Amino acid sequence: MHLLQINIVANWGSTGHIAEDIGAAFLEEGGRSTIAYGRGHPESRSGLLRIGSERDRYTHALISRIFDNAGLLSTNATRKLIIQLERRRPDIIHLHNFHGYFLNYEVLFAWLKQSHIPIVWTLHDCWPFTGHCPFFSYANCYKWREACHNCHRLRTYPKSLVFDGSRRNYRRKKASFSGLPDVTLVAVSNWMASMIQQSFLGSYPVKVIYNGIDTQTFSPQPSETDAATRQRIGLRTPYMLMAVCADWDKHAEKGLDDLLKLADMLPPDYTLVLVGLTKEQISKIPPHVIAIGRVEGRLEMARLYSAADVVLNLSYEESLGMTTIEGLSCGTPSVVYNCTASPELVDSATGFVFDRGDIAGICSSIAHVCSEANNMRTACRERALRLFDRRDMVRSYMDLYAGLSHPRQV
């Protein structure tokens with residue numbers, strides 16, 4: 001059996017690591033695994049198939065900045081991909097994120113509809129069923145339930161500086177993505193599943209599989225390591241409140257603005273630590289906030305999570321919320337907003353849920369939150385092991401693959 005996955009990246013970032021873990025598990029069960037990807041220079045246990053070139057990707061991005069037509073370019077690169085698909089003849093195609101300026105979805109889906117290959121499609125965000133944006137919650141916009149138009153999120157990814165193509169994009173996505181004869185959609189949270197079911201994709205079968213993490217690496221660290229980590233980052237207060245993000249450029253949607261407001265309101269015993277900032281962003285962070293750049297090593301991230309009293313995830317838009325999950329796995333409870341997928345990640349024994357934007361409420365409760373945090377560590381770890389272990393995630397995908405029909409054989 002041959003599994004071919006398509007994703008913007010391979011073995012990098014959250015979706016890249018998920019595809020890598022799935023591919024590795026498929027290999028261990030005696031199958032063949034290929035990951036087709038759009039950017040980077042990865043290494044992988046699976047076979048790798050690059051889609052297009054850097055020049056093609058930059059051209060795609062540049063034109064879409066003007067015409068708001070992300071996903072409707074890269075025609076030649078997609079046709080070359082299809083030639084490879086015909087040659088390799090995979091038994092299963094697993095789609096992840098195919099936005100990112102590297103693939104033409106109309107060309108790909110026209111071929112998929114006549115390929116007779118079973119398709120698994122994991123939706124990591126909402127881009128497939130909107131006319132422009134991957135998320136809409138911050139803007140409280142639900143036009144996608146009927147038809148997108150007059151988009152007021154054009155300046156967000158995939159950014160358009162001139163034209164609004166949301167009406168056209170919605171119409172063309174709906175035409176392309178409807179009518180697949182053999183597809184199973186996977187939602188990465190119950191919230192995502194509910195959004196899919198309200199969209200034009202709602203007629204397809206939907207299965208919820210939480211994204212999993214390496215719970216062996218993301219695990220509670222020894223107390224002496226916690227002390228050393230706090231000293232190394234320059235923490236001088238008793239309580240450490242940590243927030244992590246891979247893309248703080250989305251400062252409002254990801255809660256950076258709220259976090260900085262909270263930092264100004266905190267009592268003297270509490271310090272906010274922000275992780276994942278660029279050098280330019282670090283230069284703008286006030287001195288009473290500890291600012292840390294991107295941390296690549298998972299063990300180093302586990303040390304930071306373990307050293308923190310609480311993980312703050314004040315994002316307005318989460319299809320799941322990996323930083324909350326990673327913190328739980330290290331025994332650290334989370335503070336989240338009551339929006340999108342965040343509330344389903346924690347319960348009363350592992351976290352605290354506040355209304356979106358309720359910075360004053362968080363600040364007034366912070367002493368209680370931190371006093372309870374140490375008592376929650378065992379429950380946090382147990383919840384992560386029960387719901388978010390990557391071994392359970394890949395087993396769920398292997399079981400899903402095993403239940404598919406495979407009419408097209410090599």
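Q: In this predicted model, which residues does D226 touch, not counting residues up to four places away in sequence?
A: Let's start inside a helix, since the place of D226 is in helix α7. Leaving aside residues up to four places away in sequence, D226 has four named partners to look for. They are Q221, R303, S306 and A307.

Q: Is D226 buried or exposed, and what is its relative accessibility?
A: A residue is called buried when its relative accessible area is under 20%. D226 falls below that cut-off, so it counts as buried. Its relative accessibility is 17%.

Q: How far apart in space are D226 and L385, C-alpha to C-alpha?
A: Along the sequence, D226 and L385 are 159 residues apart. In space, the separation from C-alpha to C-alpha is 21 Å.

Q: Where is P238 found, and which residues does P238 touch, not counting residues up to four places away in sequence?
A: P238 is found in the loop between α7 (223-232) and β8. Its relative accessible area is 45%, which makes P238 partly exposed. Beyond residues up to four places away in sequence, P238 touches R230, D269 and D309.

Q: What distance separates the C-alpha atoms of P238 and A25?
A: These two residues are 213 residues apart along the chain. Their C-alpha atoms are separated by 43 Å.

Q: Which residues does T184 touch, not counting residues up to four places away in sequence?
A: Now for a strand: T184 is found in β6, residues 183-187. At 13% relative accessibility, T184 counts as buried. Setting aside residues up to four places away in sequence, its contacts are I119, V120, W121, P205, L400 and L404.

Q: D258 is buried yet has no salt bridge, so which side chain of opposite charge is nearest, and how far away is it?
A: D258 sits in helix α8, residues 256-265. A salt bridge needs a side-chain nitrogen of Lys or Arg within 4 Å of a carboxyl oxygen of Asp or Glu. The nearest side chain of opposite charge to the buried D258 belongs to K261, at 4.6 Å.

Q: What does D258 touch, not counting residues up to four places away in sequence?
A: The place of D258 is in helix α8. Its contacts beyond residues up to four places away in sequence include two tyrosines, Y316 and Y337. The full set is L314, Y316, Y337, G357 and I359.

Q: How many residues apart in sequence are the parts that the salt bridge between E29 and R395 ties together?
A: The side chains of E29 and R395 meet in a salt bridge at 2.3 Å, N to O. E29 lies in the loop between α1 (13-28) and β2 (32-37) and R395 in helix α14 (residues 390-402), so the pair ties together parts of the chain whose separation in sequence is 366 residues.

Q: What are the relative accessible areas of E29 and R395?
A: Both ends of this salt bridge can be checked in turn. E29 counts as partly exposed, at 47%. R395 is partly exposed too, and its relative accessible area is 38%.

Q: Are K254 and E318 buried or exposed?
A: The side chains of K254 and E318 meet in a salt bridge at 3.6 Å, N to O. The pair links distant parts of the chain, 64 residues apart, with K254 in the loop between β8 (239-244) and α8 and E318 in the loop between β11 (310-313) and α11 (322-329). Both K254 and E318 are buried.

Q: What is the N to O distance in the salt bridge of K250 and D247?
A: K250 is partly exposed, with a relative accessible area of 33%. D247 is partly exposed as well, at 29%. Their side chains meet in a salt bridge whose N to O distance is 3.9 Å.

Q: How many salt bridges does the structure hold?
A: The pairs described above are among them, including E29 with R395 and K254 with E318. The structure holds salt bridges to the number of 18.

Q: What radius of gyration does the protein have, and how does that fit a compact globule?
A: Stepping back to the whole chain, the C-alpha trace spans about 65 × 50 × 35 Å along its principal axes. With 410 residues, a compact globule would have a radius of gyration near 22 Å. The protein agrees with that expectation, because its own value is 22 Å.

Q: What percentage of the residues in the protein are buried?
A: The secondary structure comes to 14 helices and 13 strands. Of the 410 residues in the protein, the buried share is 58%.

Note on methods:
Residues numbered from 1 in each chain as written. Predicted model: local features only at pLDDT ≥ 70, side-chain atom pairs only at ≥ 80, totals over all residues. Heavy atoms only, no water. Helix = DSSP H or I, 4+ residues; strand = E, 2+ residues; numbered from the N terminus. Rg over C-alpha atoms; globule rule 2.2 N^0.38 Å. Buried < 20%, exposed > 50% of the residue type's maximum accessible area, 1.4 Å probe, protein only. Lys, Arg positive; Asp, Glu negative; His and termini not counted. Contact = heavy atoms within 4.5 Å.
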